[in-house]
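Colleague: I would like to learn how to read aromatic pairs, a nonpolar core and pockets from a set of coordinates. Could you take me through them one at a time?

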Amino acid sequence: MKHTILTLFSSLQLHDLVLLCAMLFLMLLLIFFAGRFVGKLESKDEIKKNRLDAIKRSRAVLGGLAGEQVAPFLPGFPCNPADVRFVGKPVDFVAFPGAAENESISEILLIEVKTGESTLTKREREIRALVEQGRVRFVTYNLSSAEVFPDK
């Protein structure tokens with residue numbers, strides 16, 4: 001004898017059907033709230049993870065900024081700290097080795113300070129390429145006449 005769901009339900013009393021519907025409703029409600037609870041836990045974990053990542057990045061940036069300021073005084077810096085001028089962006093320093101000792105300046109250095117595993121930004125790589133290609137000029141701007149005079 002095959003029983004279909006319809007025949008099964010037809011054999012149940014009204015109070016049995018109400019009880020079955022109530023149980024189904026409670027199960028669906030339980031599944032819904034369990035899903036929301038798990039979602040909130042995952043959301044809290046994600047927020048905590050993102051906050052820790054932001055703190056880590058912030059510390060790295062602050063460490064880099066502090067390192068930039070003291071770099072000229074550390075061993076291995078490419079020139080005398082007195083020959084260095086802080087620029088900040090797009091490169092950290094411009095240096096004129098020999099200027100502080102009143103000697104002849106044989107080169108001009110564009111210096112970018114990095115910490116840890118940081119690498120050059122796209123803009124910094126562009127500047128490096130332009131310097132390597134010799135595409136650097138010296139220009140005089142006269143305030144009185146508001147004219148630019150390229151020095152050749």
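Modeller: The turns below go through these features in order, and please keep in mind that this is a predicted model.

Colleague: How many aromatic pairs does the structure hold, and what describes such a pair?

Modeller: A pair of aromatic rings is described by the distance of the centres and the angle of the planes. The structure holds three aromatic pairs, and one of them joins phenylalanine 32 to phenylalanine 33, with 5.2 Å from centre to centre and 75° between the planes, an edge-to-face arrangement. Phenylalanine 32 is partly exposed at 45% relative accessibility, and phenylalanine 33 is partly exposed at 49%.

Colleague: Why is the pair of phenylalanine 86 and phenylalanine 93 edge-to-face, and is phenylalanine 93 buried or exposed?

Modeller: The ring centres of phenylalanine 86 and phenylalanine 93 are 5.5 Å apart and their planes stand at 70°, so the pair is edge-to-face, given that the cut-off for this class is an angle over 60 degrees. Phenylalanine 93 is buried, with 4% relative accessibility, whereas phenylalanine 86 is partly exposed at 44%. Together with Phe77, Phe86 and Phe93 form one aromatic cluster.

Colleague: Which residues make up the largest nonpolar core?

Modeller: In soluble globular proteins, nonpolar side chains tend to be buried together. Here the largest nonpolar core has nine residues, namely Ala71, Phe77, Cys79, Val84, Phe93, Ala95, Leu109, Ile111 and Val113, and strands β2 and β3 each supply at least two of them. Alanine 95, which lies in strand β2 (residues 93-95), is buried with a relative accessible area of 0%, and its contacts beyond four places in sequence include Cys79, Val84, Leu109 and Ile111. Phenylalanine 93 likewise has contacts beyond four places in sequence, among them Phe77, Val84, Leu109, Ile111 and Val113.

Colleague: What volume does the largest pocket have, and which residues lie nearest its centre?

Modeller: Rolling a probe the size of a water molecule over the atoms shows where empty space is left. The largest pocket has a volume of about 560 Å³, and of its 18 lining residues Ile108, Leu109, Leu110, Val131 and Val136 lie nearest the centre. The largest share of this lining, five residues, comes from α3, and by class the lining has twelve nonpolar, no polar and six charged residues.

Colleague: What classes of residue line the second largest pocket?

Modeller: The lining of the second largest pocket has four nonpolar, seven polar and eight charged residues, while the volume of this pocket is about 400 Å³. Helix α2 (residues 14-70) gives the largest share of that lining, six residues.

Key
Residues numbered from 1 in each chain as written. Predicted model: local features only at pLDDT ≥ 70, side-chain atom pairs only at ≥ 80, totals over all residues. Heavy atoms only, no water. Phe/Tyr/Trp six-rings, centres within 6.5 Å; stacked < 30°, edge-to-face > 60°. Buried < 20%, exposed > 50% of the residue type's maximum accessible area, 1.4 Å probe, protein only. Helix = DSSP H or I, 4+ residues; strand = E, 2+ residues; numbered from the N terminus. Contact = heavy atoms within 4.5 Å. Core = buried A, V, L, I, M, F, W, Y, C linked by side-chain atoms within 4.5 Å. 1 Å grid on protein atoms, 1.4 Å probe; cavity = no way out; pocket = protein on both sides within 12 Å on 5 of 7 lines; lining within 4 Å. Points joined across faces, edges and corners; volume = space filled by probe spheres on them. Nonpolar A, V, L, I, M, F, W, Y, C, P; charged D, E, K, R; others polar.
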